[in-house]
Amino acid sequence: MLIVFFLIGLVIGSFLNVVIYRLPEGKSIIYPPSHCSDCGQKLSPLELIPVLSYIFLRGKCKTCGTDISIRYPIIELLTGIIFIINYFCFSDLIILAAGLIFSSLLIVLTMIDFDHQILPDKLTLGGLIVGLLFSFFRSDISVIYSLAGIMAAGGLLFLIAYLSKGGMGGGDIKMMAMVGSFTGPIIAVSAIFLGALIALVAHLPGVISGETGMKTKLPFGPFLAVASLILWFYSEELFAMYLSLIL
Ligand SMILES: [Zn+2]
């Protein structure tokens, strides 16, 4: 079962690569079929096998020899691993399905925010609706709890954005409202604090060396997304650790 989930994750990861690449450019995700971005050659079934094809082709297009980014197999592997973690964490099938969709959304949002500094509404608001719909069928959270998650996480970031006068993008607000729809208020609000903490640590070297000044625009989205994913899996462990630290 573990291997099956890993393989499904690799295939989904390959699809996520397409979404990451095409969605911000407004291209169709379904058509045309996958092709080399340089010479346009349509990929053969063998070349569509995640990770392995990259290794066999030694990272180059079979037709024109252009280097294929190492990012593609890395995202495929990452998705495979995250699917396995979901499988380990959730035995309830509906929660597991929610987890797989939620994780996939966060992987895509992280990468698109890295590349383009945007978090597309299709993914944030679309995901929010999916998260809310799932709450009707989930045994672990109620619809009210999902709505509370949307209001709490979205509201808190809206407040921060208002007080900091544009230091926070609207995309971040919508993304965390989406996270709240899947996790409820406690995990989503905790993810905002954990994301801020990770961002602080990540940007510290730049601030100390003087490369990151007060006017540098720091991306916050990827850190929020990573924090949300960590808490989706390990909130109980992290909350227990936090309590043992402060008590
Ligand atoms: Zn090519």
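Which residues does Thr-110 touch, not counting residues up to four places away in sequence? The legend to Figure 2 gives the answer, after an overview of the predicted model.

**Figure 1. Overall fold of the predicted chain.** The chain holds 9 helices and 0 strands. From the N terminus on, its elements run α-α-α-α-α-α-α-α-α. The radius of gyration is 19 Å, close to the 18 Å that the globule rule gives for 247 residues, so the chain is as compact as a globular protein of that length. Along the principal axes, the C-alpha atoms fill a box of roughly 60 × 50 × 35 Å. Of the 247 residues, 41% count as buried. The accessible surface comes to about 13,900 Å², and 73% of this surface belongs to carbon and sulfur atoms. Among contacts between residues at least 6 apart in sequence, 67% join residues at least 24 apart. The chain has 13 positive and 14 negative charges, and the mean positions of the two sets are 8 Å apart.

**Figure 2. Surroundings of Thr-110 in helix α4.** Helix α4 spans residues 93-116 and includes Thr-110. Not counting residues up to four places away in sequence, Thr-110 touches Pro-222 and Ala-225. Thr-110 has a relative accessible area of 12%; this value is under 20%, so the residue counts as buried. Val-11 is 99 residues from Thr-110 along the chain, and the C-alpha atoms of the two are separated by 19 Å.

**Figure 3. The cis peptide bond between Tyr-31 and Pro-32.** Omega of the bond that joins Tyr-31 and Pro-32 is about -5°. Pro-32 is found in the loop between α1, residues 2-22, and α2. Most peptide bonds are trans.

**Figure 4. Arg-58 in the loop between α2 and α3.** Helix α3, which covers residues 71-89, is on one side of this loop in sequence, and α2 is on the other. Phi of Arg-58 is near 50°, a positive value in a residue other than glycine. Most residues other than glycine have a negative phi. The relative accessible area of Arg-58 is 73%; being over 50%, this value means that the residue counts as exposed.

**Figure 5. Gln-117 in the loop between α4 and α5.** Gln-117 also has a positive phi in a residue other than glycine, with a value near 55°. With a relative accessible area of 55%, Gln-117 is exposed.

**Figure 6. Contacts of Leu-238 in helix α9.** Helix α9 runs over residues 221-246 and contains Leu-238. Leu-238 touches Ile-230 and Leu-231, not counting residues up to four places away in sequence. The relative accessible area of Leu-238 is 26%. This lies between the limits of 20% and 50%, so Leu-238 is partly exposed.

**Figure 7. Confidence of the prediction in helices α2 and α5.** Confidence is lowest in helix α2, residues 52-56, with a mean of 89. Helix α5, residues 121-135, has the highest, at 97. The chain averages a pLDDT of 91, and 96% of the residues score at least 70.

Key:
Residues are numbered from 1 along each chain as its sequence is written. This is a predicted model: local features need pLDDT of at least 70, side-chain atom pairs count only at pLDDT 80 or more; totals for chains, interfaces and linings use all residues. Side-chain values use heavy atoms; hydrogens and water are left out. Helices (H or I, at least four residues) and strands (E, at least two) are DSSP runs, numbered from the N terminus. The radius of gyration is taken over C-alpha atoms; the globule rule is 2.2 Å times the number of residues to the power 0.38. Buried means under 20% relative accessible area, exposed over 50%, partly exposed in between (1.4 Å probe, protein chains only). Contact means heavy atoms within 4.5 Å. Accessible areas come from the Shrake-Rupley method with a 1.4 Å probe; for residues, only the protein chains shown count as cover. Lys and Arg count as positive and Asp and Glu as negative; His and the chain ends are not counted. The place of a charge is taken as NZ of Lys, CZ of Arg, CG of Asp or CD of Glu. pLDDT is the predictor's confidence in each residue, from 0 to 100.
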